[in-house]
Amino acid sequence: MKHLTSKIVGFRDQRNWGQFHNAKDLAISLSLEASELLELFQWKRSEDVIKDKKEDIKDELSDVLYYVLLMSHDLGINIEEALESKLKKNEKKYPVDKAYGNNKKYSEL
């Protein structure tokens with residue numbers, strides 16, 4: 001992750017784009033890129049999109065990751081540690097004996 005983050009920050013800094021990258025605008029960009037991923041599936045069968053638009057899916061997932069890594073870097077968040085912490089929280093919210101094969105939200109288990 002550190003290597004990817006360094007490449008992303010270097011790409012940005014070479015273009016002097018850091019001046020435009022505040023937390024609000026990075027969050028907006030992250031949401032927009034996630035929406036572009038979602039748009040690929042709109043009104044289509046999931047299987048068809050996966051078969052026909054795999055390269056587009058890869059591009060949009062990469063754009064989402066780009067902004068996740070950039071935003072976490074700028075905010076001083078170790079995203080690997082944050083994800084590990086979130087997984088532990090989710091393990092408590094969704095214990096296997098209650099959540100296995102169940103799509104209900106933790107508050108409904």
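Leaving aside neighbours within four places in sequence, which residues is Ser72 in contact with? In this predicted model, the partners are Ile77 and Ile79. Ser72 itself sits in helix H4, and with a relative accessible area of 8% it is buried, because the cut-off for that label is under 20%. Ser72 is a handy way into the structure, but the overall layout comes next.

The chain is built from six helices, with zero strands. Read from the N terminus on, the order of elements is simply α-α-α-α-α-α. As for overall dimensions, the C-alpha atoms fill a box of roughly 50 × 35 × 25 Å along the principal axes. The radius of gyration comes out at 17 Å, whereas a compact globule of 109 residues would have one near 13 Å. Buried residues account for 18% of the 109 residues in the chain. Among contacts with a separation of 6 or more, 56% are between residues 24 or more positions apart. One pair gives a feel for the distances involved: Arg15 and Ala99 are 84 residues apart in sequence, and their C-alpha atoms are 47 Å apart in space.

Now for the core. The largest nonpolar core has eight residues: Ile8, Val9, Leu26, Tyr66, Tyr67, Leu69, Leu70 and Met71. Helix H1 (2–14) and helix H4 (54–74) each supply at least two residues of this core. H4 gives the largest share, with five residues. One of the core members, Met71, reaches across to another part of the chain: apart from its neighbours within four places in sequence, Met71 is in contact with Ala23, Leu26 and Ala27. Leu26 is itself a member of this core, and it also turns up among the buried residues of H2.

H2 deserves a closer look. This helix covers residues 23–41, 19 residues in all, and spans 28 Å from its first C-alpha to its last, close to the 27 Å expected at 1.5 Å a residue. Its buried residues are Leu26, Glu33, Leu37 and Leu40. These four cover an arc of only 55 degrees around the axis, so they end up on the same side of H2. Helix H3 (46–52) and H4 are among the elements that cover these buried residues. On the face turned away from the buried side, H2 carries the exposed residues Lys24, Leu38 and Glu39. Lys24 also features at the start of the helix, where a side-chain oxygen of Asn22 comes to within 3.1 Å of the Lys24 backbone nitrogen. After H2 comes Trp43, with a positive phi near 65 degrees. Trp43 is not a glycine despite that phi, and it lies in the loop between H2 and H3. At 79% relative accessibility, Trp43 counts as exposed, because the cut-off for that label is over 50%.

The loop between H1 and H2 has its own cast. Asn16 is found there, and like Trp43 it is a non-glycine residue with a positive phi, in this case about 60 degrees. Arg15 belongs to this loop too and is partly exposed, at 36% relative accessibility. A polar atom of the Arg15 side chain lies 2.9 Å from the backbone oxygen of Phe11. His21 is also in the loop between H1 and H2. The side chain of His21 makes a polar contact of 3.4 Å with that of Arg12. Beyond its neighbours within four places in sequence, His21 is in contact with Arg12, Leu26, Leu70 and Asp74. Two of those partners, Leu26 and Leu70, are members of the largest nonpolar core.

Further along, helix H5 takes in residues 79–93. Its 15 residues reach 21 Å from the first C-alpha to the last, close to the 21 Å expected at 1.5 Å a residue. The N-terminal end of H5 is capped by Asn78, which places a side-chain oxygen 3.1 Å from the backbone nitrogen of Glu80. This part of the chain leads back to the opening question, since Ile79, within H5, is one of the contacts of Ser72.

Note on methods: Residues numbered from 1 in each chain as written. Predicted model: local features only at pLDDT ≥ 70, side-chain atom pairs only at ≥ 80, totals over all residues. Heavy atoms only, no water. Expected span 1.5 Å × (residues − 1). Polar contact = N/O pair within 3.5 Å; in protein donor to acceptor, adjacent residues only side chain to side chain. Core = buried A, V, L, I, M, F, W, Y, C linked by side-chain atoms within 4.5 Å. Buried < 20%, exposed > 50% of the residue type's maximum accessible area, 1.4 Å probe, protein only. Contact = heavy atoms within 4.5 Å. Arc of directions from axis to C-beta. Rg over C-alpha atoms; globule rule 2.2 N^0.38 Å.
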